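Here is a short tutorial on reading a structure file. A learner asks, and a teacher replies.

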Amino acid sequence: MIEGASDRSVERRASIGPIGGFLERFRRSTGVPAAVGDEASVELAPVFAVLDEIEQEAAMIRERSEQVAARLLHEAREDATAIVADARSKADAERGDALKAGLRAADAAAAAIIADAEHDALRIERTGAAKIPAFVEQVQEGVLGAEP
């Protein structure tokens with residue numbers, strides 16, 4: 001801050017619009033301070049012309065920047081939409097793959113259970129077949145021995 005300048009003067013300057021608006025008072029002959037004659041207007045005319053050009057250029061740059069920003073925002077939204085769609089598609093594919101893997105695992109587990117059950121059934125059948133002749137013999141002895 002300039003020595004001796006108060007916060008108030010800075011605030012006042014900050015609220016002034018474009019510099020051309022602030023200096024516009026020098027453009028009109030009635031706005032020029034009384035101590036300064038028409039020569040100040042003549043001297044400042046080229047400065048104002050340059051300032052006008054700068055303001056026009058700044059306005060064009062601002063407009064182009066807003067257009068570029070709008071285009072980039074639109075492209076970013078399109079890209080984001082495509083990314084989300086791709087992610088959803090991949091997620092669906094992964095869910096399908098996981099389901100298939102789960103079904104394969106369940107099929108493998110079921111096949112193992114069936115194989116174990118068949119093995120147990122065959123063992124029980126063999127054990128039973130081995131015991132049948134002895135059981136038949138016991139029954140015959142019981143029936144024949146019980147005859148009066």
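**Reading a helical model**

Q: Which side chains meet in a salt bridge at 3.3 Å, N to O?

A: Those of Lys90 and Asp86. A salt bridge here is a side-chain nitrogen of Lys or Arg within 4 Å of a carboxyl oxygen of Asp or Glu. Side chains of opposite charge can pair when their charged atoms come close. This is a predicted model: local features need pLDDT of at least 70, side-chain atom pairs count only at pLDDT 80 or more, and totals for chains, interfaces and linings use all residues. Residues are numbered from 1 along each chain as its sequence is written, and side-chain values use heavy atoms, with hydrogens and water left out.

Q: Where do Lys90 and Asp86 sit relative to each other in the helix?

A: Helices are DSSP runs (H or I, at least four residues), as are strands (E, at least two), and both are numbered from the N terminus. Lys90 and Asp86 are 4 residues apart in helix α3, so about one helical turn separates them.

Q: Is Asp86 buried or exposed?

A: Buried means under 20% relative accessible area, exposed means over 50%, and partly exposed lies in between (1.4 Å probe, protein chains only). Asp86 has 37%, so Asp86 is partly exposed.

Q: How many salt bridges does this rule count?

A: The count is 4. Among them is the pair Glu75 and Arg71, with the closest N and O atoms 3.2 Å apart. Both residues lie in helix α3, 4 residues apart, about one turn of the helix. Glu75 counts as partly exposed because its relative accessibility is 33%. Arg71, at 42%, is partly exposed as well.

Q: Which partner does Arg123 have?

A: Asp120, at 3.9 Å, N to O. Arg123 and Asp120 are 3 residues apart in helix α3, so they too are separated by about one helical turn. Arg123 is partly exposed at 46% relative accessibility. Asp120 is partly exposed at 34%.

Q: Which residues form a nonpolar patch on the surface?

A: A patch takes residues with over 30% relative accessible area and no salt bridge; like charges are joined within 9 Å, nonpolar side chains (Val, Leu, Ile, Met, Phe, Trp, Tyr) within 5 Å. Here Phe135, Val139 and Val143 form one, with about 290 Å² of accessible area together. Areas come from the Shrake-Rupley method with a 1.4 Å probe; for residues, only the protein chains shown count as cover. Phe135 lies in helix α3 (residues 38–145). Phe135 counts as exposed because its relative accessibility is 54%.

Q: What does the whole chain look like in secondary structure?

A: It has 3 helices and 0 strands. The order from the N terminus is α-α-α. Buried residues make up 6% of the 148 residues. The chain exposes about 12,500 Å², and carbon and sulfur atoms supply 61% of that.

Q: Which elements have the lowest and the highest mean pLDDT?

A: pLDDT is the predictor's confidence in each residue, from 0 to 100. Helix α1 (residues 7–14) has the lowest mean, 36, and α3 the highest, 91. Over residues 1–17 the pLDDT is below 50, and beyond near neighbours in sequence this stretch has 4 contacts in the model (contact: heavy atoms within 4.5 Å). Where pLDDT is low, the predicted coordinates should not be read in detail. The chain averages 79, and 71% of the residues score at least 70.
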